[in-house]
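Reader: Please show me the complex, and then let us go through how its chains are arranged and meet.

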2 protein chains.
Amino acid sequence: MDKLEAKLLKEIADLDSLPVGAYNIRKNGGAGGRNNTAHIVIDTKTDKSGIDIHIAPGTKHESVHIPVIITETGLTELVYNDFYIGEDCDVDIVAGCGIHNGGCDTSQHDGVHTFHVGKNAKVRYYEKHYGEGEGTGKRIFNPQTIAYLEEGASIHMETTQIRGVDSTKRYTKIVVGPGGEGTITEKLLTDGAQVAESEMDIVLAGDGASGRVISRSVAQDESQQIFYPRMIGEAKCFGHVQCDSIIMGNAKIKSIPAITAECPDAQLIHEAAIGRIAGDQLMKLMTLGLTEEEAEERILNGFLQ
Amino acid sequence: MDKLEAKLLKEIADLDSLPVGAYNIRKNGGAGGRNNTAHIVIDTKTDKSGIDIHIAPGTKHESVHIPVIITETGLTELVYNDFYIGEDCDVDIVAGCGIHNGGCDTSQHDGVHTFHVGKNAKVRYYEKHYGEGEGTGKRIFNPQTIAYLEEGASIHMETTQIRGVDSTKRYTKIVVGPGGEGTITEKLLTDGAQVAESEMDIVLAGDGASGRVISRSVAQDESQQIFYPRMIGEAKCFGHVQCDSIIMGNAKIKSIPAITAECPDAQLIHEAAIGRIAGDQLMKLMTLGLTEEEAEERILNGFLQ
């Protein structure tokens, strides 16, 4: 692994070396290393691009890393990764993709991740998208994440995209079974002429299901963001959607949530706010000796923490 | 005016007799009485059904009542009413429609109201829809309200529909100029198999414009409600949308708001909540001696106050 690849790996998965436990590294559309454990088996799909990840029932305190790195310009790929997580598991899954585009052609990674989460299993899923490179070629990510949660199962999904990605179109769907829980924390910062679209369907399909979406975004310069967080209550359930956006420069932000109660025992709440950084917050930090830029940076960091 | 007509008039405009000031009463698609004042002139349209209402600049503490009553079964009408409100006015406008349908055919009133509100004028606009009658014929209202506010102008719109209306499809649009203010307070209760849809566009088009939507609804039995409140900030403005719905029986409620910041100085907030009446609220009132039904009624009345 060269320096560039190591840097991307660090950015998207916080890895200084090969991860402990199961992993599959995808490098410029090919294999970059794989490790199975006694409980976690990764197989290459035979019918299309991608992998199947089987996690044995009862697997606890284990992790799977499946980072993707692209350093070739002009590489476009569509990958399907399917996760089968057995009952009573408690695992961390770290995905993410880093693109270094030094050329003038578009580099694009479209990943379709499907999770089948068994009864009472707990999954924490981290996904980070990172782009860099001196080239004029675009860096594009279009991730799709679909999760089906059986009774008592939970998924906590954290997605992060801070700068460097020219265009993204995200789709996330979680179907939560009885007593299950689906949480999405989304962090997004766009600048320049970047565009980002994020669409979500959280279906609270069983009694006692709960769902939560926390979306925090910053749009700078001429960038544009659109959000469609949708929560549907089909049973006795609780759902909460919270979207906060900071708008700067000449950016544009649109938020079109939907909450739908299909059952009278569904309790659904939505909150959204779009606005500038409050002037008095800036002022306060500036009286402490920070420049306006430093104060802004400090506030954005806190907001996207 | 017979007893039935008097009752409808009381329900929709809180009138015990003919109103003071300017008025135009529409009765079963025809004229039911009109009065002009020195400052307010009502003319019948010559090209289509409806009236033009001209309010002279500087008119203050005056009101216009334009109630519509329908007691014939099978009557369907589409009416255009245009309001021209001069600069610096401060007026109340009371519209509303009551249908008594004693037959088996549909009675339907579709009203398109357009307001041109002059510089610094203040308008309070009340609209109440009421339906009753022992017949099996449907009672349907499809109101459209469009308001254009010049600099510093304001409109405060209050719409109420509590039971009795089988189907309604509302559309409201307010374009708010610099320093202007548009407020919509919507109260809606549906029961039985009633359906209600309310769509709104609030365009904050000038610096210092502000907009506020407060929507409170109750859906009982098998009734269905859909809300599309949309707020667009095109300038340095402040907008707030708040939708609260109580769901009962087997009702379904869907809320699909949209907030769009087209300008970085736009500050927009949206909140929505759908849920049952809280059990502890009911319990508290029941320990004070109320039956469950009485407690529920008390809470709903407070909510829709």
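The turns below cover the symmetry and the interface.

This is a predicted model, in which local features need pLDDT of at least 70 and side-chain atom pairs count only at pLDDT 80 or more, while totals for chains, interfaces and linings use all residues. Residues are numbered from 1 along each chain as its sequence is written, chains are lettered from A and ligands numbered from 1 in the order in which they are written, and side-chain values use heavy atoms, with hydrogens and water left out.

Reader: What relation does the rotation that superposes chain B on chain A represent?

Author: Superposition is by least squares on the C-alpha atoms of residues with pLDDT of at least 70 in both copies. Chain B falls on chain A after a rotation of 180° with 0.0 Å of shift along the axis, at RMSD 0.0 Å. That is the relation of a two-fold axis.

Reader: Which element gives the largest share of the side of chain B that touches chain A?

Author: Contact means heavy atoms within 4.5 Å, and strands are DSSP runs (E, at least two residues), numbered from the N terminus. Strands S21 (252-255), S22 (258-261) and S23 (266-275) of chain B each give two or more residues to that side. The largest share, 10 residues, comes from S23(B).

Reader: How many salt bridges cross the interface of chain B and chain A?

Author: The rule asks for a side-chain nitrogen of Lys or Arg within 4 Å of a carboxyl oxygen of Asp or Glu. A:Lys252 and B:Glu262 meet in this way, at 3.4 Å, N to O. Across the interface of chain B and chain A, the number of salt bridges found is 4.

Notes
Helix = DSSP H or I, 4+ residues; strand = E, 2+ residues; numbered from the N terminus.
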